[in-house]
Amino acid sequence: MTTAVAAPAHTMTVAAGDSAAGSSDPEMGGLSGLVLQLIDALGEWGVALMLFVETVFPPIPSEVILPLAGFLAGAGRMNLVLVLVLATLGSYLGALVLYWLGAVIGFERTTRWLGKLPLVDEDDFRKAADWFHRHGKSAVFFGRFVPIVRSLISLPAGADRMHLGTFSVFTIIASGIWNGALVLLGAAFGTQYDKVEQYTEWIDRVLYVAIAVVVVTFVVRRVRRIRAERASSGDRGVAARGRRRAEPAGD
C-alpha cells in the first residue's frame, strides 16, 4: 500500500472513446490520478492481480481499486464484464493462498510470519479467527463484507480444514457481490467523465485520509503491543526474582 504520495507533475486524461470526440477530456491528478494511471496501464488482468495482492496483503484497499477500475470501464477504457470477472478471480485466488497457508503451515506459524509484513498486525488475524469460530462456515461468506476480516477469514478456514468446495462457493459468491457493488458504483461515476474534475480534489482527500487512518492505527496498535509485552516481561521478571528470594539457601 502506498503510504506517502507527493503530488505528481503529470496527470491522467480519461477519454470516453469515439462517442466523446470533440468534448474536453477531464484530467485527474493527485493520488487518484496515479492509481487510475496504474489500473489503466495494467488493464483488466492488472485489476485481478491487484485484487489478489489486496486479499493476501490487507492494507491495499479494494475500496480504492475497484471503483476506479469501474470508472475506467464506465468511461469506455476497459470491459466492464471482464473487470467484474477478473476482480472476483483475483479475490478468490488470494483467498486460496491464505486457505492453503492455514491448512498446510498452520494458523499460528502463518500469523507470526505474515505479522512481520508492513502495516499488518497479528491481532487482525486473531480477530478473524474469533469471527470464524463464532459464526462457523457462514463467516466465510458474511466475513467478505467486513473490513480486515474480509481478507483474513480464509486463514482460519484453512486451518480448520473447511471443505474446499464450500469455501470456494461462499468466497466466489460473496466476493462477486462485494466487487460488483464497488465496480458498478465506479462505472456509474465513469459515465459522468465530463464532470470528474469537479470531484478529483475530494477523491484525493478521501484517499489521503484513508491512508493516514491505516498508518496511524497500525502505529498506535504496534506501540501498545510493545508496551504490553514489556510490561508482561517485567512482571514475569519480578515474579522470578521473588521466587528465587523465597527459596531456602542451599547447604
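Me: Is D40 buried, partly exposed or exposed in this predicted model?
Reply: Take the cut-offs for this predicted model: buried means under 20% relative accessible area and exposed means over 50%. D40 comes out at 22% relative accessibility. That value falls in between, so D40 counts as partly exposed.

Me: Which residue forms a salt bridge with D40?
Reply: Side chains of opposite charge can pair when their charged atoms come close. For D40, the closest N and O atoms of the pair are 2.6 Å apart, and the cut-off is 4 Å. The partner has 33% relative accessibility, so it counts as partly exposed. That partner is R77.

Me: How many residues apart are R77 and D40?
Reply: This pair links distant parts of the chain. R77 sits in the loop between α2 (62-74) and α3 (80-104), while D40 belongs to helix α1. Along the chain they are 37 residues apart.

Me: How many salt bridges turn up in a search of the whole structure?
Reply: R77 with D40 is one of them. E108 and R126 also meet through their side chains, at 3.2 Å from N to O. Searching the whole structure gives a total of 2.

Me: Which helices hold E108 and R126?
Reply: The E108–R126 salt bridge ties together parts that are 18 residues apart in sequence. E108 is partly exposed at 38% relative accessible area, and R126 is partly exposed at 29%. E108 lies in α4 (residues 107-114), and R126 in α5 (residues 122-135).

Me: What word describes how α3 sits against α4?
Reply: On the α3 side, L98, L101 and G102 meet F107, T110, W113 and L114 of α4. The two axes come within 7 Å and cross at roughly 125°. Roughly perpendicular ends at 115 and roughly antiparallel starts over 145, so the pair is oblique.

Me: Which residues form a nonpolar patch on the surface with W45?
Reply: W45 is found in helix α1 (residues 30-56). With a relative accessible area of 59%, W45 is exposed. The patch has about 310 Å² of accessible area together, and W45 shares it with L89 and L93.

Me: What's the phi of R161, roughly?
Reply: Most residues other than glycine have a negative phi. R161 isn't a glycine, yet its phi is positive. The residue is in the loop between α8 (154-159) and α9 (164-190), and it's exposed at 58% relative accessible area. Its phi is near 55°.

Key: Residues are numbered from 1 along each chain as its sequence is written. This is a predicted model: local features need pLDDT of at least 70, side-chain atom pairs count only at pLDDT 80 or more; totals for chains, interfaces and linings use all residues. Side-chain values use heavy atoms; hydrogens and water are left out. Patches are made of residues with over 30% relative accessible area and no salt bridge: like charges are joined within 9 Å, nonpolar side chains (Val, Leu, Ile, Met, Phe, Trp, Tyr) within 5 Å. Accessible areas come from the Shrake-Rupley method with a 1.4 Å probe; for residues, only the protein chains shown count as cover. Helices (H or I, at least four residues) and strands (E, at least two) are DSSP runs, numbered from the N terminus. Buried means under 20% relative accessible area, exposed over 50%, partly exposed in between (1.4 Å probe, protein chains only). Axes are lines fitted to C-alpha atoms, for helices over the stretch in contact, and angles run from 0 to 180 degrees between N-to-C directions. Angles under 35 degrees count as roughly parallel, over 145 as roughly antiparallel, 65 to 115 as roughly perpendicular and the rest as oblique. Contact means heavy atoms within 4.5 Å.
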